[in-house]
Amino acid sequence: MSDSETLPPQAPAEQLTFSYVSRPGLLKITLINLVFNILTLSIYRFWGKTNARRHIWSCIHINGEPLEYTGTGAELFRGFLFVFGLIILPFLLLTTGLHIAYGDESPAAAAASAIFGIFVYSMIGFAIYKARRYQLSRTLWRGIRGNLAGSAMTYSLLYFGSMVAKGASLGWATPVMNTVLQEHITNDMRFGDAAFKFKGPAGPLYPAYALCWFLFAVILFVSIAVIGGILAGIYSTIDGTSSQKDFAMLGIGIVFFALAFLCYMVIFPAIWSIYWAKQIRTFAEYTRFDGAQFKLNATAGSLIGLTVVNFLILIFTLGTFWPFILQRNFRYMASRLKLEGAIEVERIRQSSLAVPKRGEGLADAFDVGAW
């Protein structure tokens, strides 16, 4: 008997296409989340987040077949309880005990708070990595799940070092450090037993970064001068009773807050969208899966539009419609992402990596990386 008669026919490699296929139901999930979060003092948020993810994941299609999210609210709740019992509660008991024993001005209480602050900053990378591992392990396509194969502590040390380097360099280390971090976490990513690959220099990011850095510096300087001039002009016109002065100072405070809020939430993000568009396009081109190369059609204008509308949703719904912000972000990526090259999908087998039993407790506590 020849080999062609004994071996099963090999499935052809596939060109993978990504799309976001909207379906009704997200508004109902959002309203249920709102009501139950009020009734349970936000404890329901773990189940609400899970329901929103299941809906949004199911709208993301690859070659016409949807992703599946298999995480549960109970897993997220257990992760929260684990971190609360292991980290948050002991710290609260320690600082409360120090305040009671030595008073509010106690150096020991201040030192404990400072040490805890350093601990939080040093563990942000750990929280992000663990959250990504959980999310990937609960994301399936054709029954195959994702995962991260590396060490969360190694990534955490790298992430903490990157924050120090960015601060010490006034931000100029950002393209290098972001590239290093992306290379580390992408090379750890798996779909089944197949690995993603990331390789490329940070140099091409620097022209866009330099443009944004100088624009940011100029607009920051001009904004401070303009806001200072406006406030000085208002203050110079004050000539009345103490109550009138108090009222005028309140007006100055409102004007200052409104202008500062406009700069921080709208103008500065719009400037940096030029760099972020360049970065995510470049990172996509540096990423390969089974030899195929990713492409992402991201532009500064489209990112500004995405950010502004997300900001308006956040403000006018007081954050309660966050599932729609999540949906907009995922739809943006799915509709602009391409994979150039064919993948032998049938050759990919299920991952043998361990699956985490609980999820995102630290990311939830630090409010990072837990979509």
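Helix α12 has its buried residues covered by several elements in this predicted model. They include strands β1 (14-20), β2 (60-62) and β11 (337-343). Helices α2 (26-39), α3 (45-59) and α11 (300-316) are also among them. The buried residues of α12 are Pro-323, Ile-325, Leu-326, Gln-327, Arg-328, Phe-330, Tyr-332 and Ala-334.

One of those covering helices, α3, is itself mostly covered, with 11 of its 15 residues buried. The buried set of α3 mixes residue types. Phe-46, Ala-52, Ile-56, Trp-57 and Cys-59 belong to it. So do Gly-48, Lys-49, Thr-50, Arg-53, His-55 and Ser-58.

The spans of the two helices are set out below.

| Helix | Residues | End-to-end C-alpha distance | Expected span |
|---|---|---|---|
| α12 | 15 residues | 22 Å | 21 Å |
| α3 | 15 residues | 21 Å | 21 Å |

For α12, the reach is close to the expected value. For α3, the two values agree, because 15 residues at 1.5 Å a residue should span 21 Å.

**Nonpolar cores**

Nonpolar side chains tend to be buried together in soluble globular proteins. Here the largest nonpolar core has 35 residues. The members touching the most other members are Leu-16, Ile-56, Trp-141, Phe-191, Phe-289, Ile-343 and Ile-348. Beyond its sequence neighbours up to four places away, Phe-289 touches Phe-191, Ala-194, Ala-195, Phe-196, Phe-294, Ile-343 and Ile-348. Another core, of 20 residues, lies apart from the largest one. Val-120, Tyr-155, Ile-185 and Phe-366 are among its members.

**Second largest pocket**

The second largest pocket has a volume of about 410 Å³. Its lining comprises 21 residues. Closest to the pocket centre are Phe-82, Phe-126, Lys-130, Arg-358 and Gly-361. Three elements each give two or more residues to this lining: α4 (73-102), α6 (124-137) and α13 (361-366). By class, the lining has 13 nonpolar, three polar and five charged residues.

**Glu-68**

Glu-68 sits in strand β4 (residues 68-69). Its relative accessibility is 44%, so Glu-68 counts as partly exposed, between the 20% and 50% cut-offs. Leaving aside neighbours within four places in sequence, Glu-68 is in contact with Trp-57, Arg-138, Thr-139 and Leu-140. Of these contacts, Trp-57 is one of the buried residues of α3. Ile-124 is 56 residues from Glu-68 along the chain, and their C-alpha atoms are separated by 27 Å.

Note on methods: Residues are numbered from 1 along each chain as its sequence is written. This is a predicted model: local features need pLDDT of at least 70, side-chain atom pairs count only at pLDDT 80 or more; totals for chains, interfaces and linings use all residues. Side-chain values use heavy atoms; hydrogens and water are left out. On a 1 Å grid over the protein atoms alone, a cavity is a set of points where a 1.4 Å probe fits but cannot get out, and a pocket is an open set with protein on both sides within 12 Å along at least five of seven lines; lining residues have an atom within 4 Å of a point. Grid points are joined across faces, edges and corners, and a volume is the space filled by probe spheres set on the points. Helices (H or I, at least four residues) and strands (E, at least two) are DSSP runs, numbered from the N terminus. Ala, Val, Leu, Ile, Met, Phe, Trp, Tyr, Cys and Pro count as nonpolar, Asp, Glu, Lys and Arg as charged, and the others, Gly among them, as polar. The expected span of a helix is 1.5 Å times one less than its number of residues. Buried means under 20% relative accessible area, exposed over 50%, partly exposed in between (1.4 Å probe, protein chains only). Contact means heavy atoms within 4.5 Å. A nonpolar core is a set of buried Ala, Val, Leu, Ile, Met, Phe, Trp, Tyr and Cys residues joined through side-chain atoms within 4.5 Å.
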